Amino acid sequence: MIYQVNEKGYYGDFGGAFIPEMLYPNVEELRSRYLQIMQEEDFQKEFRQLLKDYVGRPTPLYYAERFSKKYGTKVYLKREDLCHTGAHKVNNTIGQILMAKRLGKSRIIAETGAGQHGVATATVCALMGIECVVYMGEIDIKRQAPNVARMKMLGATVVPATSGSRTLKDATNEAIRDWINNPMNTHYIIGSVVGPHPYPDMVARFQSVVSEEVQKQLQEKEGRENPDYVVACVGGGSNAAGLYYHYLDKEEVGIIAVEAAGEGVLTGKSAATSALGREGIIHGSKTLLMQTEDGQITEPYSISAGLDYPGVGPMHANLFRTGRGEFISVTDEDAMAAGLQLCKLEGIIPAIETAHALAIFETRKFEKDDVVVVNLSGRGDKDLNTYIEHFNL
Ligand SMILES: Cc1ncc(COP(=O)(O)O)c(C=O)c1O
């Protein structure tokens, strides 16, 4: 079985490029050039240099001793929260801004949920002196206010999306509309492994630096490249894709994907796509999608803005369908408790998205000698208000 994308842009049954005719030239230009550009020596040199000197890579692989002791297994945290801007998202935006420059684009648009991708995009646009417009759902603008301020300070224009659930899906719709209206000068920096081919593959490749580093770091710490399990939260799926990437075809490494159950999978207020989704098309790709009987997209819900999305990327839909990935969903309540617990046990305040991945240890048991790597996708600064309200701090 092959879990990487094929040359037609599919992961098994999922993927492809289902786009309006107006976007065809842009997406086709990207598709025909992305691999060649990424392989160019000067591209790699600039990408690697910025990851090192600007982002602060490699990020540490930290053995979480007290956390491990509590759950009776060996847990390592891949510290993407220590990246410049506070999450893994910047690995991809550095790559895509360099791609946009080589494609001759002078304007950048992006969508954002938690605001981390918006901040990471605004950051690289400031770095390169390029105009930046970020679309963000009205609800997310309220619950991730610190990130909205950061984007504005970095010189970006933040445009509220006021339709639907006023969250990530709706922001993505607005960004696509903008791209259709500005096809010549604009590059759309998609923030996860979603969208039409080649985006899921391109974003996964930029994020794959995460598992590339984990292989080396585990070799040093454990004398072997492979952990027994890799665990990550899945919104669209980019931090997960980055951690899984070099392990996809190594069946001896267990892949665990954690989705947001919201108030509970069957409450109607959830974003657990693997449990609730059926095959459908969203934002240009065929994937698993939460939808009604007649194919209308169901409004998702999660306390975490970054997981509040009714689909998953096609790579993850395929991991679910083939059984290669084990999918677990975690409620708001359990995620919040796990987030607070990490603060107390390890002195690390995680993003609420990440806290979902940490919560599985309460119910999913591992062997004492198992090496489990969890992607600590982001830090919790942006979520302080939600933590304060939830715990009456
Ligand atoms: C810290 C953090 N983790 C995870 C996610 C979810 O996105 P993805 O599934 O693409 O990693 C986000 C999205 O904004 C995020 O900010």
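## Salt bridges, to start with

A salt bridge here means a side-chain nitrogen of Lys or Arg within 4 Å of a carboxyl oxygen of Asp or Glu. Lys169 and Glu299 fit that description, with N to O at 3.1 Å. Keep in mind that you're looking at a predicted model. Across the whole structure there are 31 salt bridges.

## Two domains and where they meet

The domain assignment splits the protein into two parts, each built from two stretches of chain: domain 1 takes 10-51 + 89-202, and domain 2 takes 56-86 + 208-391. Measure between their C-alpha centres and you get 22 Å. Where the two touch, 41 residues of domain 1 and 46 residues of domain 2 take part.

How much area is buried between domain 1 and domain 2? It comes to about 3400 Å², and carbon and sulfur atoms give 58% of that. On the domain 1 side, Phe14, Arg143 and Lys169 stand out: they supply 21% of the area that domain 1 buries against domain 2, more than any other three residues. Lys169 is also the residue that pairs with Glu299. As for charge pairs, 4 salt bridges cross the interface of domain 1 and domain 2.

## A few more charge pairs

Side chains of opposite charge can pair when their charged atoms come close. Take Arg31 and Glu28, whose closest N and O atoms are 2.8 Å apart in a salt bridge. Both belong to helix α1 (residues 24-39), and because they are 3 residues apart there, about one helical turn separates them. Arg31 is partly exposed at 35% relative accessibility, and Glu28 is partly exposed too, at 25%.

Arg224 and Asp228 make another salt bridge, with 3.1 Å between the closest N and O atoms. Arg224 is partly exposed at 29%, and Asp228 is partly exposed at 21%.

Then there's Asp369 with Lys368, where the closest N and O atoms sit 3.7 Å apart. Asp369 is exposed, at 59% relative accessible area, and Lys368 is exposed at 62%. Elsewhere, salt bridges with shared partners tie Asp13, Glu279, Lys286 and Arg321 into one network.

## A nonpolar patch on the surface

Which residues make the nonpolar surface patch? Ile349, Leu384, Ile388 and Leu393 do, and the patch covers about 370 Å². One of them, Leu393, lies in the segment after α16 (384-391). Is Leu393 buried or exposed? Its relative accessible area is 65%, so Leu393 counts as exposed, the cut-off for that being over 50%.

Technical notes:
Residues are numbered from 1 along each chain as its sequence is written. This is a predicted model: local features need pLDDT of at least 70, side-chain atom pairs count only at pLDDT 80 or more; totals for chains, interfaces and linings use all residues. Side-chain values use heavy atoms; hydrogens and water are left out. Patches are made of residues with over 30% relative accessible area and no salt bridge: like charges are joined within 9 Å, nonpolar side chains (Val, Leu, Ile, Met, Phe, Trp, Tyr) within 5 Å. Accessible areas come from the Shrake-Rupley method with a 1.4 Å probe; for residues, only the protein chains shown count as cover. Helices (H or I, at least four residues) and strands (E, at least two) are DSSP runs, numbered from the N terminus. Buried means under 20% relative accessible area, exposed over 50%, partly exposed in between (1.4 Å probe, protein chains only). Domain bounds come from an automatic or database domain assignment. Contact means heavy atoms within 4.5 Å. Buried area is the accessible area (1.4 Å probe) that two parts lose on being put together, summed over both.
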